[in-house]
Amino acid sequence: MSEHREAIALLYEGGEQAPTVTAKGEGELAERIIELAMDHEVPIYENADLASMLTRMELGDQIPEALYRTIAEIIAFAWHLQGKMPAGFVPPDEES
């Protein structure tokens with residue numbers, strides 16, 4: 001049995017808009033999306049259940065409100081890996 005692979009790319013530019021689906025694919029297209037992400041040092045999060053939900057969305061769709069917290073945690077972790085922080089964020093160990 002071959003492994004069925006799905007990939008979804010989300011874009012989040014901050015502000016009032018939710019993250020948007022910018023690419024999605026299965027099989028070879030999924031592999032290409034993952035390869036491009038790696039080439040551009042875009043963090044990759046693997047979760048088959050979440051990918052399955054997001055592949056039902058159309059390109060350009062914003063993620064549904066029910067997924068805000070899940071996606072926010074993934075984005076926060078990706079930012080942390082890249083050494084980024086939201087504007088005005090003060091880490092707990094630096095608070096006075």
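The exercises below treat the salt bridges of a predicted model, in which local features need pLDDT of at least 70, side-chain atom pairs count only at pLDDT 80 or more, and totals for chains, interfaces and linings use all residues. Residues are numbered from 1 along each chain as its sequence is written, and side-chain values use heavy atoms, with hydrogens and water left out.

**Exercise 1.** State how many salt bridges there are.

Solution. Apply the rule: a side-chain nitrogen of Lys or Arg lies within 4 Å of a carboxyl oxygen of Asp or Glu. The count is four salt bridges.

**Exercise 2.** Locate the partners of the salt bridge between Glu-46 and Arg-5 and classify their exposure.

Solution. Step 1: the N to O distance is 3.9 Å. Step 2: Glu-46 sits in the loop between α1 (27-39) and α2 (48-54), and Arg-5 in the segment before β1 (6-11), so the pair links distant parts of the chain, 41 residues apart. Helices (H or I, at least four residues) and strands (E, at least two) are DSSP runs, numbered from the N terminus. Step 3: use the classes buried (under 20% relative accessible area), exposed (over 50%) and partly exposed (in between), with a 1.4 Å probe and protein chains only. Glu-46, at 62%, is exposed; Arg-5, at 25%, is partly exposed.

**Exercise 3.** Describe the salt bridge between Arg-69 and Glu-73.

Solution. Step 1: the N to O distance is 3.1 Å. Step 2: both residues belong to helix α3 (residues 68-81), four residues apart, about one turn of the helix. Step 3: Arg-69 is exposed at 65% relative accessibility, while Glu-73 is partly exposed at 46%.
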